[in-house]
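Please walk through this model slowly, keeping the sequence and the 3D view side by side. The paragraphs below move from charged pairs to the interior, and then to the confidence of the prediction.

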Amino acid sequence: SLAKTTSSSVQRREMIYLLAVGYFRSNDFARSRLLVEQCLEIAPDWQQALTLKKNVEDRIAKDGIIGIGITATALGLLVGGIAAAVARSN
């Protein structure tokens, strides 16, 4: 029946959402985003899932910027170390 199908899809959506929240809280943002996108396939206008997706994407972007900063710092230290070694050898 339609009521049973609707109830089943709501339960599935909520289960996937709770998994997405759990992965978000454990900092597994890629898996959280994948699951929240599955929720939005079932219910595209679900505000909780839309909010979680925004939070996940914000954290992924923030972590990406931090990663770029760490990489740039490491590269700077490496280049500086090589320059110092070359200067000492001359």
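A salt bridge is counted here when a side-chain nitrogen of Lys or Arg lies within 4 Å of a carboxyl oxygen of Asp or Glu. By that rule the side chains of R31 and D28 meet in a salt bridge, with 3.9 Å from N to O. What you have in front of you is a predicted model, in which local features need pLDDT of at least 70 and side-chain atom pairs count only at pLDDT 80 or more, while totals for chains, interfaces and linings use all residues. Residues are numbered from 1 along each chain as its sequence is written, and side-chain values use heavy atoms, with hydrogens and water left out.

How many salt bridges does the structure hold? There are 3 salt bridges, and it helps to ask of each partner how far it is open to the surroundings. A residue is called buried when its relative accessible area is under 20%, exposed when it is over 50%, and partly exposed in between, using a 1.4 Å probe and protein chains only. In the pair already described, R31 is partly exposed at 43%, and D28 is also partly exposed, at 26%. A further bridge joins the side chains of D58 and K54 at 2.8 Å, N to O. These two residues are 4 residues apart in helix 3 (residues 47–89), so about one helical turn separates them; helices here are DSSP runs of H or I with at least four residues, and they are numbered from the N terminus. D58 is partly exposed, with a relative accessible area of 39%. The side chains of E14 and R13 form another bridge at 3.7 Å, N to O, in which E14 is partly exposed at 38% but R13 counts as buried at 16%.

R13 also leads us toward the aromatic residues, for its charged end sits over the ring of W46, 4.0 Å from the ring centre (the rule asks that NZ of Lys or CZ of Arg be within 6 Å of the centre and within 35 degrees of the ring normal). W46 in turn forms an aromatic pair with Y17, tilted, with 4.8 Å between centres and 55 degrees between planes. Rings of Phe, Tyr and Trp (its six-membered ring) pair if their centres lie within 6.5 Å, and planes under 30 degrees apart count as stacked, over 60 as edge-to-face and the rest as tilted. Because Y17 lies in helix 1 and W46 in the loop between helix 2 and helix 3, the pair ties together parts that are 29 residues apart in sequence. Y17 is buried at 13%, and W46 is buried at 13%.

Both residues belong to the largest nonpolar core, which has 15 residues, and Y17, C39, W46, A49 and L52 have the most contacts inside it. Such a core is a set of buried Ala, Val, Leu, Ile, Met, Phe, Trp, Tyr and Cys residues joined through side-chain atoms within 4.5 Å. Helix 1 (2–25), helix 2 (29–42) and helix 3 each give two or more residues to this core. In soluble globular proteins, nonpolar side chains tend to be buried together.

Finally, consider confidence: pLDDT is the predictor's confidence in each residue, from 0 to 100. The chain has a mean of 83, and 72% of its residues reach 70 or more. Confidence is lowest in helix 3, at a mean of 76, and highest in helix 2, at 94.
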